[in-house]
Every structure is written in C-alpha cells, then in structure tokens.
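Please have the sequence and the structure open side by side while reading. The paragraphs below go from single residues to helix pairs and then to the core and the backbone.

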2 protein chains.
Amino acid sequence: MRGLRALVFDAYGTLFDVHSVVRLCDELWPGKGTQLSQLWRAKQLEYTWLRSLMRRYQDFSRVTEDALAYACAALGLTLDDTRRARLLGAYRELATFPEVAGALATLKAAKIRLAILSNGSPAMLRPLVAHAGLGGVIGTVLSVDSRKIYKPAPTVYRVAVERLRTPKSAIGFVSSNGWDACGAKSFGFRTFWINRSGAPADALGAAPDHVIRGLDELPALVLGPVS
Amino acid sequence: MRGLRALVFDAYGTLFDVHSVVRLCDELWPGKGTQLSQLWRAKQLEYTWLRSLMRRYQDFSRVTEDALAYACAALGLTLDDTRRARLLGAYRELATFPEVAGALATLKAAKIRLAILSNGSPAMLRPLVAHAGLGGVIGTVLSVDSRKIYKPAPTVYRVAVERLRTPKSAIGFVSSNGWDACGAKSFGFRTFWINRSGAPADALGAAPDHVIRGLDELPALVLGPVS
C-alpha cells in the first residue's frame, strides 16, 4: 500500500484476546461468565464515552473497575476484594491472538513502524505489552491518558501523529472495534477494521477503508503481493 | 424544595413509555421483540455518544433509523420499508406513563414551570407531545438539536438555562436514564433519577440528588408536604 510508513494498533480485542477474562468470570461465577463479561465490557466503553462527554475523565483502570462493580451489582453477583483483584489482574496478562506475532514480525521486517494507541492507561499497558513479549516489535505505546479524553475523540488519534512525527496520510490504523475504526477514519487515518465476528458495519458517517478477518491478512494488504 | 422554579424532563423512558415499540417489534418478529428493542435502544444511545465525540452529529431520527438497521442486521431480521416506517412511526405516538398527567398537573398548579429537554429532534418531539396531549402543561420543548451534540455534553443542559432564563440552581432535572441524571448533576442542576427498574447507580463522578420510583413521588419532594 503506497505511502504507509506506520501502523497504529488498538490493544484490547485487537492485539490482545480478552477471552481469558471471560473464562475467569465463568470460573468465579459458573454459568454467568459470558453475561458478566459482556455487560462489564459494554459498561466499560459506555463509561469512557460518557465521562468524555461530561468532561469527567478518570483513567481506564478506574473506569474498568467501576464498570465491573456495576455489572456485578446488576447481575446480583457478590464482588469481594479477592475476586476484584483477580479479574483486574487478568487484564494485565492477556494473550495475543495467535496470528499477531507473525503478522507484526513481517511488517516490522518491511520497515513499517508499529505502535499501539489504546484507551488503557500507561500503568495498564506497560505490563500487558511486556507480558506478551511485544516490547521488541512495538516501538511506541501510546495512551489516551495524555489527553484526558477517550476514543473516538479526534484529539486522541492526533497523539499518534504527533508522537510518531508522521503525517496522518502515512499512518494506518487497525482496530477490531468498528466504532474505533470509524473514529480513526473520521480523523483521517487509512483504517483497517478487523471484523472477527462478522458484525454489521456501524453507521457513523465514516466507514473503514478495509475490512479483514484477522491480522494475518494485513501484511499482504499493506506491503502488496510478495514479488 | 426551596428555590426550584422550573423542572426539566427527559422525554423517552421518563415521560413517555417506549413499551409500545417493544410490543410492535414482537408483533413484527414474534419472539424477537425484547432482544431487538434492547439492541436498538443500546445502539441508538451508543451512536449519540460516538457521533458527539467524533463531531459527526446527525439528528435523532437519523440515528434512530441507523440503530434500527444495525440491530436488525445483527439479529438477522429483514427490515423492509413498511416495517421501518411502522417502527419509526411508533416513536411519535408513545403513551405517557400512567402517573405522568397527574404529577405534571399538580406541579403546574403550584406554578412550577415545566419543560422537556430531549435528544429527540424538534420534528420528533412536536407530534409526540401533541399526541400525548401535553401541550397545555409542558410550556417549553427543547432539543439538543440546536447544539448539534447529544447528552450528556454540558452545553446541552445549558440550553435549558438559557431558554428558561432561569439560573441552574433553580432548575430541577428529571430523567429515568441514570447517566442523563448524572450528566445533569455534573452540569449543576438538582437532579431526580427515576429508577423504575431498581438498576444499580452509575459511577460517573456526579450522583443524582434524589432517586425515586416514579413521577408520582415528585410533587411531594419538590413542593414539600401538603399543609
């Protein structure tokens, strides 16, 4: 793909598989894992958008904990300190999806700069990237935290332009969250939506440029066919 | 309650019962009504927050239609023109909750000014208020549309201050949406959260002043005990 010098990746759900959190939810409350983790995730995102609009930013670890407390209360599940610590701890030790390491290595070998831009706070992202052994391949880890507002506010995507010192036309943005891909497209990045579940496209006035099923499709799209 | 000169009400779910929309969903797709209407509502709100953050405002009728299309696609339901028109039409003919007329009449008799402040566009709110026969009791109908951004952005709540020419300390805000009550409180209104379903409180850094189960509890709270 002509002119792309950097790729910026969303973290949770894009590079990192949150399935282990779902599994732990189900271990702690058998039969309730899926329902709890879905409500937890929905509230987590909802709180990022609402706090952004209200101008009452709190970092992602706080929002994640608040969302967990809400979800447990709504489902009548008792959240004690031990369970809370285990669930929040699981967020720092997520596995990457199986195709991630190979795809990133190919892109890095082709001299594409690789970065993360996440809602996660620096204190959440640091152990996450280290645990997955991505420190050597992901050169830059960026958080919305410096702007005190969450995705998809345009100022968040601008962090990547500024920190990578690269014009937005030369940056590709990769996310498994359809709304995040729309937000990045609206800002001006070339966007790749990883639609692993075959979800319908969101109608937000800015559609992703490319829809793929996994990161393994990314190198060919970005680098062109191997000659 | 000392000093409250005006009460501003949210519309959908607060004064107007959206149950008839749920029923129509179930009539059109038997057995799917609850699931469809829940996803439709969730997406409708999500799109208002996302478009606000992306600065890609479209009015509430458009967002409502987009959310319906998404929800039907996600559930594998075929949405033809007739069904779409019936579902969107139902939004203009919602019934009020049973206690609304009595509570509003009591408040109006006590010289409290009554207004609506809604995400709905003027073209949606006009027929809704007329159909419910509230034109005589609700003196002012306000929409976020003049600001081109949705609740809970502070500028939206400021519309009520400006249009009612009343300081925010003298305005009470009433909503069945917990996040809306938090947003109004964060702006500076005295807020009343109508928690009909016994939901947990949202953790958004600004808690409602009062939690009630229905509008029938409002006159005594606002006017004090009848002497």
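**A walk through the predicted model**

Leaving aside residues up to four places away in sequence, A:Val18 touches A:Tyr12, A:Gly13 and A:Leu94. This residue belongs to a predicted model. A:Val18 sits in the loop of chain A that runs between strand E2 (16–17) and helix H1 (19–28). Its relative accessible area is 29%, so A:Val18 is partly exposed. From A:Val18 to A:Leu75 the C-alpha to C-alpha distance is 20 Å, and the two are 57 residues apart in sequence.

A second loop residue of chain A is A:Gly136, found between helix H6 (122–131) and strand E5 (140–143). A:Gly136 counts as exposed because its relative accessibility is 61%, where over 50% is the cut-off. A:Gly136 and A:Ala105 lie 9.8 Å apart, C-alpha to C-alpha, with their positions 31 residues apart in sequence.

The helices of chain A come next. Helix H2 (residues 33–54) and helix H3 (residues 60–75) of chain A pack with their axes 8 Å apart, at an angle of about 130 degrees. H2(A) is therefore oblique to H3(A), and their crossing is right-handed. On the H2(A) side the contact includes A:Leu36, A:Leu39, A:Trp40, A:Tyr47 and A:Arg51, and on the H3(A) side A:Phe60, A:Val63, A:Asp66, A:Ala67 and A:Tyr70 are among the residues met. Sorted by class, this contact of H2(A) with H3(A) has 13 nonpolar, four polar and four charged residues.

In chain B, start with helix H1 (residues 19–28) and helix H2 (residues 33–54), which pack at an angle of about 130 degrees with axes 7 Å apart. That angle is why H1(B) is oblique to H2(B). The two helices make a right-handed crossing. H1(B) contributes B:Val21, B:Val22, B:Cys25 and B:Asp26, which meet B:Gly33, B:Thr34, B:Leu36, B:Ser37 and B:Trp40 in H2(B). Five nonpolar, three polar and one charged residues make up the contact of H1(B) with H2(B).

Further along chain B, the axes of H3(B) and H4(B) cross at roughly 130 degrees and come within 11 Å. H3(B) is therefore oblique to H4(B), and H3(B) passes H4(B) in a right-handed crossing. Here B:Thr64, B:Glu65 and B:Leu68 of H3(B) meet B:Arg84, B:Leu87 and B:Leu88 of H4(B). The contact of H3(B) with H4(B) has three nonpolar, one polar and two charged residues.

Which residues of helix H4 (residues 81–90) of chain B are buried? They include B:Leu87, B:Leu88, B:Gly89 and B:Ala90. Among the elements covering the buried residues of H4(B) are H1, H2 and helix H3 (60–75) of chain B.

Helix H3 of chain B also holds B:Asp66. Is this residue, B:Asp66, buried or exposed? B:Asp66 counts as buried because its relative accessibility is 14%, and the limit for buried is under 20%. Not counting residues up to four places away in sequence, B:Asp66 touches B:Tyr47 and B:Arg51, along with A:Ala203 of chain A.

Now the core. The largest nonpolar core has 162 residues, and those touching the most other members are A:Leu7, A:Phe9, A:Trp40, B:Leu7, B:Phe9, B:Trp40 and B:Leu218. Take A:Phe9: beyond residues up to four places away in sequence, its contacts include A:Leu15, A:Leu104, A:Leu107, A:Ile116, A:Val174 and A:Leu218.

Some backbone details remain. The peptide bond from A:Lys151 to A:Pro152 is cis, with omega near 5 degrees, and A:Pro152 is in the loop between E5 and helix H7 (154–164) of chain A. In chain B, a cis peptide bond joins B:Lys151 and B:Pro152, with omega about 5 degrees. B:Pro152 is placed in the loop between strand E5 (140–143) and helix H7 (154–164) of chain B.

Two residues that are not glycine have a positive phi. A:Lys148 has a phi of about 55 degrees and lies in the loop between E5 and H7 of chain A. With a relative accessible area of 48%, A:Lys148 is partly exposed. For B:Arg55 phi is about 60 degrees, and its place is in the loop between H2 and H3 of chain B. B:Arg55 counts as exposed, at 69% relative accessibility.

Key
Residues numbered from 1 in each chain as written. Chains lettered and ligands numbered in written order. Predicted model: local features only at pLDDT ≥ 70, side-chain atom pairs only at ≥ 80, totals over all residues. Heavy atoms only, no water. Core = buried A, V, L, I, M, F, W, Y, C linked by side-chain atoms within 4.5 Å. Buried < 20%, exposed > 50% of the residue type's maximum accessible area, 1.4 Å probe, protein only. Contact = heavy atoms within 4.5 Å. Axes fitted to C-alpha atoms, helices over the stretch in contact; angles between N-to-C directions. Helix = DSSP H or I, 4+ residues; strand = E, 2+ residues; numbered from the N terminus. Parallel < 35°, antiparallel > 145°, perpendicular 65-115°, else oblique. Left-handed = near helix turned anticlockwise from the far one by under 90°. Nonpolar A, V, L, I, M, F, W, Y, C, P; charged D, E, K, R; others polar.
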